[in-house]
Amino acid sequence: MARLNLKNVNKRWGNYVAVKDFDLDIADQEFLVLLGPSGCGKSTTMRMIAGLEDVTEGEIWLGDRMVNDLEPKDRDISMVFQSYGLYPNLTVYENIRFPLRVRKVPKDKHDEMVMTAIRMVELEQFMHRRPAELSGGQRQRVALGRAIVRKPTVFLMDEPLSNLDAKLRVSTRAQIKNLQSKLKTTTVYVTHDQIEAMTLADRVVVMNKGEIQQVGTPTQIYDHPANTFVASFIGSPAMNLIPGTLRGGTFTGDGITVTGLTAPDGDMTLGFRAEDAEITESGGQIAAPVYAVELLGEASMISWRLGDALVSVKTAKDYRAETGQMVEASVPAAICHLFDTQTGKALPR
Amino acid sequence: MARPTNAQPLPLMVLSLGFIALWLIAAAFPFVWTAWGSFKVEPDFFSRSDWTNAITGVQTIRQTGSAFTGAGYEGAWLEQEFWKSVINTAIVTLCVTVISLTFGTLGGYALARSGYRYTFWILIAALIFRAMPHVTLVSGYLLPFFELGIWGYLPTTIIVLVAINQPFTLWMLHSFFLSIPKDLDESAMVDGCTRFQAFRLAVIPVMWPGVVTTGLFSFLLAYNDFTVTSMLLTQENQTMVPKIASFLGSTQAEGKVMYAVAAVVSAIAPLFVLVLFFQRQIVSGLTAGAVKG
Ligand SMILES: Nc1ncnc2c1ncn2[C@@H]1O[C@H](COP(=O)(O)OP(=O)(O)O)[C@@H](O)[C@H]1O
Ligand SMILES: [Mg+2]
């Protein structure tokens, strides 16, 4: 019973628009990730759901309650903050018990609930320590434990992994995914890291400048970016984008010609992913001097400078070429995406 | 070369130890001298013939038969009723500290957490009030207080001292609160607290050292004040500091000045106890590394 509904939610500070016309239905038990560059309004959206920020316009529905005017404590949500927000004067055990205490859960249930949560986040050994005596990853798990202890209807997590080092981030990410699939609690997760978004999400909401750019499963977002922003934000490397014109099914840009496209004539931006294209001996759609060869470990990346655009193609890890050497790449129409240069919107394929 | 690498070179160590010794002497000497001399008679402590009399107590032995005398204390506390001033000081400092801290914590928290621009101007106004010499405020108060018939009473003085002290407590606590991440109170609110509960249960426990430190400064301001208490209190409502000043002002009778010396020592002693008692709270590292990763 924990559907979350945002109906045309707006947030403004004076003239500054932080979130614009945010309209979204989040299903029960869904893991939804808000993804976007820093400053695009992700945290603001989440804080409005939590009740820490007033909604300027629009409505937020939690189940069948309109929660706009409810205090955070009355919304039955829990939140993990980027800097964890642990109570420094309390032990791990007391930190996790805090929500039960202030919500007047009967005392005799506390120990069982707290211990269940502590076991889920694997902190048994540390439960009598204070936050100052814990590592970053352990603090992060305390925050998680505190969020799950009272079984809220919605979890909110604001960049919970961003203070951890790369290795710990991977394992904690898996732990979060595991916890959520066990608890089946509707979750909204904020991140600027597309890998986190791709690995965790049932659905991703890509945001930019306060506006939703695209909503979809990780695969949809990756395979069918709705506009040039999403195309250039998702994937590593991001999609190659080359400006040019389309005449009679033939796209022409600086140093590239692709035939066999089906779209009306006009100014277009052509996009394709580095891993979809291939290096070829002859007859390639790109033929230009190599700008750089980068070794990625599992592959090599060849890049060209076409006009202002830097274009990359992934190839076998033992491929070698000199900078400045002529190299060709095949970019068949089948792997290409077309975007209207004016609006940035993807054209139907 | 078995010297640990972090040891200071010898000359530097001698220099820094010398400085500390010098500072200790400069700071502690007046107090020790006064405390010692307070048990002597006036012709010794203010000896015209030989300053060592103040140490040996030649005149004291001649007058009382012993090298130490409690005459100064007896005269000040009983004859001159210094104990009344002690009680007055206790009332004034306690009230000023409690009231300033109450408003300071609530106001400082509100200002630190409010996103509005006007908080800046409130704080600037507070700073200006703080910067003014106290006497400018007091002279303005005198006439209205006479007219209203509230001049000379302790509560009036308490209110004025709070008014003078409040900007400082507000500033100090405001910056303490700013150093506590907003995440802490927001966590508490999401966890089920009202704004006030979050303040009480999550923020205040972390703030404790800040509150103690600010409270100590408020205490000292009220305790040491001369300008306000000397101008706004009647003879019988006087606190310690103006009382001591009045002893010093009446040196015609021999021995009176020793009352002042004894009273000064009586007034200083509690401060030592206070600072020693609270130093641990002041330095307590409750917040260290607790909230950030
Ligand atoms: N209290 C505030 N007052 C004014 N502007 C704010 C406030 N909080 C956030 N903003 C602005 O709103 C924008 C979105 O912020 P935020 O939601 O925190 O971004 P992010 O996507 O990085 O989480 C930012 O440009 C930020 O400067
Ligand atoms: Mg953010």
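Me: Which residue has the backbone oxygen that the side chain of S300(A) reaches at 3.3 Å?

Reply: This is a predicted model, in which local features need pLDDT of at least 70, side-chain atom pairs count only at pLDDT 80 or more, and totals for chains, interfaces and linings use all residues. Residues are numbered from 1 along each chain as its sequence is written, chains are lettered from A in the order in which they are written, and side-chain values use heavy atoms, without hydrogens and water. The side chain of S300(A) reaches the backbone oxygen of K317(A) at 3.1 Å. At 3.3 Å, the backbone oxygen reached belongs to A316(A).

Me: Is S300(A) buried or exposed?

Reply: Buried means under 20% relative accessible area and exposed over 50%, with partly exposed in between (1.4 Å probe, protein chains only). S300(A) has 0% relative accessibility, so this residue counts as buried.

Me: Which helix gives the most to the largest nonpolar core?

Reply: A nonpolar core is a set of buried Ala, Val, Leu, Ile, Met, Phe, Trp, Tyr and Cys residues joined through side-chain atoms within 4.5 Å. The largest has 51 residues, and L4(A), F22(A) and L156(A) have the most contacts inside it. Helices here are DSSP runs (H or I, at least four residues), numbered from the N terminus. With seven residues, the one that gives the most to this core is helix α11 of chain B.

Me: How many residues are in the second, separate core?

Reply: This core includes V92(A), L200(A), V204(A) and V230(A). Its number of residues is 42.

Technical notes:
Helices (H or I, at least four residues) and strands (E, at least two) are DSSP runs, numbered from the N terminus. A polar contact is a pair of N or O atoms within 3.5 Å; within protein, one must be able to donate a hydrogen and the other to accept it, and residues adjacent in sequence count only if both atoms are side-chain atoms.
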